[in-house]
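Good morning, and thank you for coming. Please look at the sequence and the structure as they appear, and keep both in view while I speak.

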Amino acid sequence: PDLHRRSRRQRQMCIRDSCDSTSMISEAAVTGKPVYIAMMKSIKNNHRFKIFYTQLKNLGITRELENNVDDWSYENLNEVNRIAPLIKTRMKSNGII
C-alpha cells in the first residue's frame with residue numbers, strides 16, 4: 001500500500017521517522033502519537049541505537065514501518081516532569097539548593 005495515499009486524518013496520527021536520528025524519534029515520542037521507524041540498513045553496527053529502539057518498542061511507543069499503518073496509543077514520554085524532582089532532591093541532599 002502507498003502510505004502517501006492514506007487519508008489526511010490517518011497521516012496526522014502517524015509520525016514516520018528514519019532510524020538514523022534518536023533525537024527525531026525522541027521528539028516524536030513526546031507527542032503520544034504512533035511513531036513508526038523506517039529501519040534502514042546501517043553502515044556500522046551501533047549497539048546503542050539497537051538498545052534505544054528496543055526500549056521504545058517495549059514501551060509500545062514505536063513500531064517498525066512495514067506494509068500497513070495502524071493507530072495505537074501509549075503514555076507519551078514526559079521526562080522533564082519525571083526527572084526534575086529527582087534532580088531537585090539530589091541537589092537538596094548535596095546542599096546545592
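Let us begin with helix H4, residues 79-93, in what is a predicted model. How far apart should the ends of its 15 residues be? At 1.5 Å a residue, the expected span is 21 Å, and the end C-alpha atoms are indeed 21 Å apart, so expectation and model agree. Just after H4 comes glycine 95, which takes a positive phi of about 75°.

I shall stay with helix H4 and turn to its side chains. Arginine 82 and glutamate 79 both lie in this helix, three residues apart, which is about one turn. Their side chains meet in a salt bridge, with 2.7 Å from N to O. In general, an α-helix has 3.6 residues a turn, so residues three or four places apart point the same way. Side chains of opposite charge can pair when their charged atoms come close. Are these two partners buried or exposed? Arginine 82 is partly exposed, at 48% relative accessible area, and glutamate 79 is also partly exposed, at 34%.

Helix H4 is also the place of isoleucine 87. With a relative accessible area of 45%, isoleucine 87 counts as partly exposed, because that value falls between the limits of 20% and 50%. Together with Ile83 and Leu86, Ile87 makes a nonpolar surface patch of about 260 Å².

Let me now step back to the whole protein. It has four helices and three strands. Read from the N terminus on, the elements run α-β-α-β-α-β-α. Of its 97 residues, 25% count as buried.

Next, the interior. Which residues touch the most other members of the largest nonpolar core? In this core of 13 residues, they are Ile25, Val35, Phe52, Tyr53, Leu56, Ile61 and Tyr74. At least two residues of the core come from each of helix H2 (22-29), strand S2 (35-38) and helix H3 (47-58).

From the core I move to the aromatic rings. How many aromatic pairs does the structure hold? There are three. In one of them, the ring centres of tyrosine 36 and tryptophan 72 are 5.1 Å apart and the planes stand at 85°; an angle over 60 degrees counts as edge-to-face, so this pair is edge-to-face. Tyrosine 36 belongs to strand S2, whereas tryptophan 72 sits in the loop between strand S3 (62-64) and H4, so the pair ties together parts that are 36 residues apart in sequence. Tyrosine 36 is buried, at a relative accessible area of 2%. Tryptophan 72 is buried as well, at 11%.

Another pair, phenylalanine 49 and tyrosine 53, has ring centres 6.0 Å apart and planes at 25°, so it counts as stacked. These two residues are four apart in helix H3, and so about one helical turn separates them. Phenylalanine 49 is partly exposed, at 27% relative accessibility, while tyrosine 53 is buried, at 11%. Ring pairs link Phe49, Phe52 and Tyr53 into a cluster. Two members of that cluster, Phe52 and Tyr53, also appeared in the list for the nonpolar core.

We come now to the loop between S3 and H4, where aspartate 70 is placed. What does aspartate 70 form with arginine 63? The two form a salt bridge, their closest N and O atoms being 3.8 Å apart. Such a bridge requires the nitrogen to be within 4 Å of the carboxyl oxygen, so this pair qualifies. Aspartate 70 is partly exposed, at 35% relative accessibility, and arginine 63 is partly exposed, at 34%. The count for the model comes to two salt bridges.

Aspartate 70 also illustrates how the chain folds back. Its C-alpha atom is separated by 8.2 Å from that of proline 34, although the two residues are 36 apart along the chain.

A further example involves glutamate 27, in helix H2. How far is its C-alpha atom from that of leucine 77? The separation is 9.2 Å, with the residues 50 apart along the chain. Glutamate 27 itself is exposed, because its relative accessible area is 56% and the limit is 50%.

To close, I would ask you to return to helix H4 in the predicted model and to find there the salt bridge of arginine 82 and glutamate 79. Thank you for your attention.

Conventions:
Residues numbered from 1 in each chain as written. Predicted model: local features only at pLDDT ≥ 70, side-chain atom pairs only at ≥ 80, totals over all residues. Heavy atoms only, no water. Core = buried A, V, L, I, M, F, W, Y, C linked by side-chain atoms within 4.5 Å. Buried < 20%, exposed > 50% of the residue type's maximum accessible area, 1.4 Å probe, protein only. Expected span 1.5 Å × (residues − 1). Patch = residues over 30% accessible without salt bridge, like charges linked within 9 Å, V, L, I, M, F, W, Y side chains within 5 Å. Areas by Shrake-Rupley, 256 points an atom, 1.4 Å probe, with all protein chains shown as cover. Phe/Tyr/Trp six-rings, centres within 6.5 Å; stacked < 30°, edge-to-face > 60°.
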